[in-house]
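Open the model in your viewer and keep the selection tool ready. The stops below go from the interior to the surface.

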Amino acid sequence: RVITARYAAETEKVVKLALIGSLYTATDASKICPFLIDVMKDPDNEIAGLAGYGIVWSNGTCKDSYDAFNAAYKARLATIKADFAFVLKTGYMAQAKDATDAQKAAFLEASEAGILADVSISGMARAAVLETIGKFGGPSAKAVAKKYLADKDSFVSDAAKKIK
């Protein structure tokens, strides 16, 4: 409660990041996870990405918030362009502890539609999404990769070629 109140009053990005990071080992999911979902709305990709990471990292504390994470993630991608750092931090949803196959699939579908298919987003970010799809997307990953074999960005086309 002290940290979330301090966060709400803060204007300095570096302090906001430190406050979010201090929640890394928090265990009260009923307070922490909704707060992090709300912080994912921040227009700054670094702040939003770190909040997303706090939800999906591997211990499963926020497993009851995975659907809310996917909804916030999809809504964000519709309004704010992702960058490489955001992709790397939120990509853990594809392997989040106790996430259902449907939750993982919804994340991968949103990532493809909202990042991979958007050629205005950096090739590195798009390639990272494609690599995640290749690693965690199961049999459908090949079909996704096939669509990007001739992508004009070499990061993306090279990532597509590696998915077998």
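Select L23, Y24, A26, I32, C33, L36, G54, W57, T61 and C62: these residues line the largest cavity. The coordinates are those of a predicted model. The volume of this cavity is about 60 Å³, and the count of cavities of 30 Å³ or more comes to two.

Next, colour residues 29–39, which form helix α3. With three residues, helix α3 gives the most to the lining of the largest cavity.

Now keep one lining residue, G54, and show the helix around it. G54 sits in helix α4, which covers residues 45–56. Is G54 buried or exposed? Its relative accessible area is 18%, and buried means under 20%, so G54 counts as buried.

Add the neighbours of G54. Leaving aside residues up to four places away in sequence, G54 touches L36 and C62. Both L36 and C62 also belong to the lining of the largest cavity. Then select I20 and draw a C-alpha to C-alpha distance to G54: the two are 7.9 Å apart in space and 34 residues apart in sequence.

For the last stop, move to the surface and select F84, L88, M124 and F155. Together they make a nonpolar surface patch of about 360 Å². Within this patch, centre on F84, which is in helix α6, residues 84–90. The relative accessible area of F84 is 31%; partly exposed covers the range between under 20% and over 50%, so F84 is partly exposed.

Note on methods:
Residues are numbered from 1 along each chain as its sequence is written. This is a predicted model: local features need pLDDT of at least 70, side-chain atom pairs count only at pLDDT 80 or more; totals for chains, interfaces and linings use all residues. Side-chain values use heavy atoms; hydrogens and water are left out. Patches are made of residues with over 30% relative accessible area and no salt bridge: like charges are joined within 9 Å, nonpolar side chains (Val, Leu, Ile, Met, Phe, Trp, Tyr) within 5 Å. Accessible areas come from the Shrake-Rupley method with a 1.4 Å probe; for residues, only the protein chains shown count as cover. A salt bridge is a side-chain nitrogen of Lys or Arg within 4 Å of a carboxyl oxygen of Asp or Glu. Helices (H or I, at least four residues) and strands (E, at least two) are DSSP runs, numbered from the N terminus. Buried means under 20% relative accessible area, exposed over 50%, partly exposed in between (1.4 Å probe, protein chains only). Contact means heavy atoms within 4.5 Å. On a 1 Å grid over the protein atoms alone, a cavity is a set of points where a 1.4 Å probe fits but cannot get out, and a pocket is an open set with protein on both sides within 12 Å along at least five of seven lines; lining residues have an atom within 4 Å of a point. Grid points are joined across faces, edges and corners, and a volume is the space filled by probe spheres set on the points.
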